[in-house]
Amino acid sequence: MDKQPISREGYDKLREELRQLEEVELPQIAQAVAEARSEGDLKENAEYHGQRERQGLMQARVNSLKSKLAGCYIVDKSTLPKGIVSFGTQVTVKDLQYDDVERYVFVGPGEEDYASDPMKILTNSPLAQAMLGKKVGDVVEFEAPRGIQKYEIAAIEDAE
């Protein structure tokens with residue numbers, strides 16, 4: 001798997017979440033598990049089983065964050081090329097089938113936000129992969145869940 005680009009801010013956010021989980025939340029859960037264990041028969045101890053499940057979910061989140069961090073590299077946005085679609089750029093596109101205009105920002109792991117405007121999508125998404133390296137006026141096609149999509153790149157705002 002190729003490493004994914006990420007901004008310094010995005011990387012720091014993931015690192016801080018990981019630190020919070022490992023240094024604060026997991027120790028608190030371990031203490032709660034120990035306290036619940038001391039309350040008697042483990043077979044019928046709902047508090048113990050609930051805390052163990054919570055501990056497992058928290059550890060899975062820690063593992064996921066570590067995997068994301070290991071699979072990315074920090075990008076200095078000031079070194080990115082201007083006027084072409086790349087990591088961190090905001091792209092305005094026209095859907096050539098429906099004449100809709102949409103805006104996207106291409107981001108790294110942990111930075112995606114599908115409810116924001118413009119929508120922040122991962123650089124390894126099919127849409128981003130089709131657009132990376134393109135310029136205003138270029139037409140791109142990509143496979144989406146709703147079939148082949150065809151967009152024209154209407155504007156590019158360089159990464160800040």
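For sorting pocket linings by class, Ala, Val, Leu, Ile, Met, Phe, Trp, Tyr, Cys and Pro count as nonpolar, Asp, Glu, Lys and Arg as charged, and the others, Gly among them, as polar. With that in hand, here's a quick look at two pockets and one helix residue in this predicted model.

**Largest pocket**
- You get about 370 Å³ of space in the largest pocket.
- Its lining takes in 19 residues, and K77, G88, V105, V107 and K120 sit closest to the centre.
- Two elements, α1 (8-37) and β4 (101-107), give two or more residues each to that lining.
- Sorted by class, the lining of the largest pocket comes out as eight charged, six polar and five nonpolar residues.

**Second largest pocket**
- The volume here is about 170 Å³.
- Of the 14 lining residues, Y104, I121, L127, F142 and A144 are nearest the centre of the second largest pocket.
- At least two lining residues apiece come from β4, β5 (119-122), α3 (126-131), β6 (139-144) and β7 (147-157).
- β6 chips in the largest share, with three residues.
- By class, the lining of the second largest pocket has nine nonpolar, three charged and two polar residues.

**V33 in helix α1**
- V33 belongs to helix α1.
- V33 counts as buried because its relative accessibility is 3%, and the cut-off for buried is under 20%.
- Setting aside neighbours within four places in sequence, V33 is in contact with Y48, Q51, R52 and Q55.
- V33 and E47 are 14 residues apart along the chain, and their C-alpha atoms are 8.1 Å apart.

Terms used
Residues numbered from 1 in each chain as written. Predicted model: local features only at pLDDT ≥ 70, side-chain atom pairs only at ≥ 80, totals over all residues. Heavy atoms only, no water. 1 Å grid on protein atoms, 1.4 Å probe; cavity = no way out; pocket = protein on both sides within 12 Å on 5 of 7 lines; lining within 4 Å. Points joined across faces, edges and corners; volume = space filled by probe spheres on them. Helix = DSSP H or I, 4+ residues; strand = E, 2+ residues; numbered from the N terminus. Buried < 20%, exposed > 50% of the residue type's maximum accessible area, 1.4 Å probe, protein only. Contact = heavy atoms within 4.5 Å.
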